[in-house]
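Visitor: Please pick one strand of this model and look at it closely, along with its partners. I would also like to hear about any unusual backbone angles in the loops.

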Amino acid sequence: MESITKANVSDAPEIHSLQRLAYISEAELYDNFEIEPLKQSVGDVEKAFEHNIVLKYIYHGKIVGSVRAYENEGICYIGRLMVHPDFQNRGIGKKLMKEVELMFAHCRYELFTGSKSVKNISFYEKLGYKGFKTQKLDREETVFLFMEKQE
């Protein structure tokens, strides 16, 4: 039993737990456990529901994947794609991305990932995304690769 549905704010604690598990590999890659996804609280995840559509991938009643997105002036900003480490490489991330693209059809899509995150970059490239700039954000030391996809 698996499905993708819109999450609601009551899912925030479970999504927060998933986020902490899913982003440990990124923290290890950068040798930095102060990355934003690991510093966020349940309250921060709850706030994401104010401006984002948050999707959840449910497998046997448990949230094992999630992604969030919002649209502004024809651009769909995608963030926090995460899959439980025990469920990675099963197509869950791809299904979540396809669902976001269906929900925000006729948009240009934009996201970012760590510039050293070769596996993530390759994943997004397979979905048709291309890097267009690298940039450091004020909130942490990581240099990010910004990627886009035009329908």
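Guide: Residues are called buried under 20% relative accessible area, exposed over 50% and partly exposed in between, using a 1.4 Å probe on protein chains only. The model is predicted: local features need pLDDT of at least 70 and side-chain atom pairs pLDDT 80 or more, while totals for chains, interfaces and linings use all residues. Numbering starts from 1 along each chain as its sequence is written, and side-chain values rest on heavy atoms, without hydrogens or water.

The strand chosen here is E4, residues 75-83. Helices (H or I, at least four residues) and strands (E, at least two) are DSSP runs numbered from the N terminus. Of the nine residues of E4, seven are buried, so the strand is largely enclosed by the rest of the structure.

E4 belongs to an open sheet of seven strands, ordered E1-E2-E3-E4-E5-E7-E6, with mixed pairing. The edges of this sheet are E1 (2-6) and E6 (130-136), each of which pairs on one side only. Two strands count as paired if DSSP finds at least two bridges between them. In the sheet order E4 sits between E3 and E5, and its two pairings run in opposite senses: antiparallel with E3, parallel with E5.

On the E3 side, the partner strand covers residues 62-72, and seven bridges join it to E4. Ser 66 stands opposite Met 82 of E4 in this pairing. E3 and E4 form a hairpin with two residues between the strands, where Glu 73 takes a positive phi near 50 degrees.

On the E5 side, the partner strand covers residues 108-114, and three bridges join it to E4. Cys 76 of E4 stands opposite Tyr 109 in E5. The connection completes a right-handed β-α-β unit made of E4, H5 and E5. Right-handed here means that, with the strands pointing away from the viewer, the path from the first strand over the helix to the second runs clockwise.

Met 82 deserves a separate look within E4. Its relative accessible area is 2%, which means that Met 82 is buried. The C-alpha atom of Met 82 is separated by 9.6 Å from that of Arg 20, although the two residues are 62 apart along the chain.

After E4 comes a loop that leads to helix H5 (92-103), and Asn 89 lies in it. Asn 89 is not a glycine, yet its phi is positive, at about 65 degrees. Most residues other than glycine have a negative phi. Asn 89 counts as exposed because its relative accessibility is 69%.

A second loop residue invites comparison with Asn 89. Asp 31, also not a glycine, has a positive phi of about 50 degrees. Asp 31 is found between helix H2 (24-30) and helix H3 (36-39). With a relative accessible area of 68%, Asp 31 is exposed.

Elsewhere in the sheet, E6 runs antiparallel to E7 (residues 143-150), and six bridges join the two. Lys 130 stands opposite Glu 148 of E7 there.
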